[in-house]
Amino acid sequence: MTFGNKAAPRRSAAMIPHENKNDYSMHFRETSSADAQSLVDGVRLITPAKEKNSAVILPWIGYGTYRLGEKQALDATLEAIRCGYRSIDTAFIYGGEKTEVLVGQAVRKAIDEKVIHSREEIFVTTKHWRKYHGYDASLQCLKLSLKRLDMEYVDLWLMHWPGPAYNTMNKKKEDVEKDPFFYATTAPEDMADLRAETWRAMEDAYRQGLCRSIGVSNMSIKQLRKLKESAKIWPPAVNQVEVHPLHPQDELLEYCRQEGVIVQAYASLGGQDTGKQLFAQLLGEKATKKQKCSLLDASLVTELASQLKATPAQTLLRWGLQRNCVQIPKTTSKSRMLENAAALSISMTDEQVERLKEELRSNVIRNNPDAEVNEITRLCWRRDPLRHLDFD
Ligand SMILES: NC(=O)c1ccc[n+]([C@@H]2O[C@H](COP(=O)([O-])OP(=O)(O)OC[C@H]3O[C@@H](n4cnc5c(N)ncnc54)[C@H](OP(=O)(O)O)[C@@H]3O)[C@@H](O)[C@H]2O)c1
């Protein structure tokens with residue numbers, strides 16, 4: 001894949017400089033999801049006030065970097081910035097721990113190419129990795145992320161996963177079926193306390209200015225309630241979770257709304273961890289060798305898309321925006337980057353939003369009468385024994 005960009009000279013500074021500490025708010029605009037028109041329009045995150053003019057605004061649509069290969073991460077992220085994306089979502093663990101470096105390089109190149117003028121124009125999110133749960137280890141994890149990104153701070157630092165790491169990559173199915181914690185590095189009864197220590201480190205990182213906001217990811221209501229008991233900084237600015245019409249997470253969204261936590265949806269287009277056979281089983285639609293089958297191909301999604309004069313991807317992104325969820329679609333294609341951004345200019349009625357969820361979920365239940373609907377519609381983290389979050 002080429003994007004035809006000229007090689008840009010490297011900056012000589014050791015870190016991407018933090019040019020003007022009070023300038024953030026001039027680069028982003030606070031709007032409702034309905035009023036958002038551009039990729040700098042976003043939602044104001046709740047953070048303890050530290051500095052004047054330090055409003056932290058997270059764009060309603062950002063760019064996801066999961067599964068961008070080593071060859072793609074730099075060019076694709078840079079292209080996204082050229083296309084106008086001003087929020088990039090990455091993580092310590094992505095791309096075998098190589099993506100953060102390439103995201104940092106993409107931001108630097110965008111500055112060199114004068115696509116943007118300073119680091120402050122990009123909202124960078126990265127995520128702690130679960131191998132580093134605990135106070136000291138968490139701070140070490142963030143310092144490593146910043147070093148890889150070559151940045152002085154990130155705009156949002158998320159606790160990626162509420163559970164423990166595993167002590168091996170070679171988990172045997174039968175062991176895990178007997179006990180999902182079989183290979184876990186922390187016992188289930190110790191996990192909540194350890195997570196509280198991670199959050200304490202995140203609070204201190206926030207106070208030290210290493211991140212402009214802190215949040216969580218993949219947290220259930222139960223885990224959030226537990227965290228609240230010990231947190232000094234509450235609420236987490238964001239909970240980044242899987243949300244799409246097959247897995248709408250109504251209760252979690254309502255809890256987050258009440259607590260002031262912004263929900264950032266991942267896998268809005270169906271994600272990248274689920275094959276066409278599972279989609280075929282869920283949706284009751286055909287998947288042959290030739291035929292694709294994904295959430296984007298579901299008959300109801302394509303029907304609504306044609307009513308809205310939009311594409312299926314825009315329809316799914318709009319569906320999420322209308323439920324006040326921040327979107328971070330991933331694509332390596334420039335035309336899809338533009339297509340996804342244009343989800344801001346379509347609108348859906350409340351009836352259409354409700355119908356997409358209700359009819360797709362009813363389809364799943366009809367086609368899978370013996371399965372638990374929330375279990376089979378969780379499309380991501382498919383190889384993770386603890387993906388259903390039913391631990392403390
Ligand atoms: N916190 C977590 O645990 C977690 C978990 C998963 C993801 N995430 C974050 O959320 C982001 C988004 O989730 P995701 O990457 O799993 O999945 P996603 O954004 O739902 O879907 C990405 C897939 O959709 C395709 N796609 C993108 N735009 C399209 C369009 N307009 N038309 C047709 N196909 C399109 C992409 O293919 P092409 O690239 O070929 O276009 C890719 O295969 C991630 O990149 C990551 O940053 C976080």
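Two strands count as paired if DSSP finds at least two bridges between them. The model described here is predicted, and the account below covers its sheet and then its ligand site.

**The sheet**

The sheet is open and consists of 8 strands in the order β4-β5-β6-β7-β8-β9-β10-β11, with parallel pairing. Its edges are formed by β4 (63–64) and β11 (326–327); each has a single partner strand, so one side of each is left without a neighbour in the sheet.

Within this order, strand β7 (residues 156–159) pairs with strand β6 (residues 123–128). In that pair, tryptophan 157 of β7 stands opposite threonine 126. Strand β7 also pairs with β8, where leucine 158 stands opposite glycine 215 of β8. Strand β8 is in turn joined to strand β9 (residues 238–242), and there serine 217 has glutamine 240 in β9 as its bridge partner.

| Strand pair | Bridges | Sense |
|---|---|---|
| β6 and β7 | 4 bridges | parallel |
| β7 and β8 | 3 bridges | parallel |
| β8 and β9 | 2 bridges | parallel |

Strand β8 spans residues 214–217, and its side chains alternate: Ile214 and Val216 point one way, Gly215 and Ser217 the other. All four of these residues are buried.

**The ligand site**

Serine 217 links the two parts of this report. Besides its bridge to glutamine 240 in β9, serine 217 places a polar side-chain atom 2.9 Å from a nitrogen atom of the ligand. Two further polar contacts involve the backbone. A backbone N or O atom of threonine 332 lies 3.0 Å from an oxygen atom of the ligand, and a polar backbone atom of serine 268 is 3.4 Å from a ligand oxygen atom. The ligand taken alone exposes 900 Å², of which the protein buries 88%.

The ligand is surrounded by 28 residues, and the closest are Asp89, Gln272, Lys330, Thr331 and Arg336. By class, this shell has 10 nonpolar, 13 polar and 5 charged residues. Helix α12 (residues 334–341) supplies the largest share of the shell, 3 residues.

Where does the ligand lie relative to domain 1 (24–236) and domain 2 (272–380)? Both domains give residues to the shell, so the ligand lies between them.

Definitions and conventions: Residues are numbered from 1 along each chain as its sequence is written. This is a predicted model: local features need pLDDT of at least 70, side-chain atom pairs count only at pLDDT 80 or more; totals for chains, interfaces and linings use all residues. Side-chain values use heavy atoms; hydrogens and water are left out. A residue is near a molecule or strand if one of its heavy atoms lies within 4 Å of it. A polar contact is a pair of N or O atoms within 3.5 Å; within protein, one must be able to donate a hydrogen and the other to accept it, and residues adjacent in sequence count only if both atoms are side-chain atoms. Accessible areas come from the Shrake-Rupley method with a 1.4 Å probe; for residues, only the protein chains shown count as cover. Ala, Val, Leu, Ile, Met, Phe, Trp, Tyr, Cys and Pro count as nonpolar, Asp, Glu, Lys and Arg as charged, and the others, Gly among them, as polar. Domain bounds come from an automatic or database domain assignment. Buried means under 20% relative accessible area, exposed over 50%, partly exposed in between (1.4 Å probe, protein chains only).
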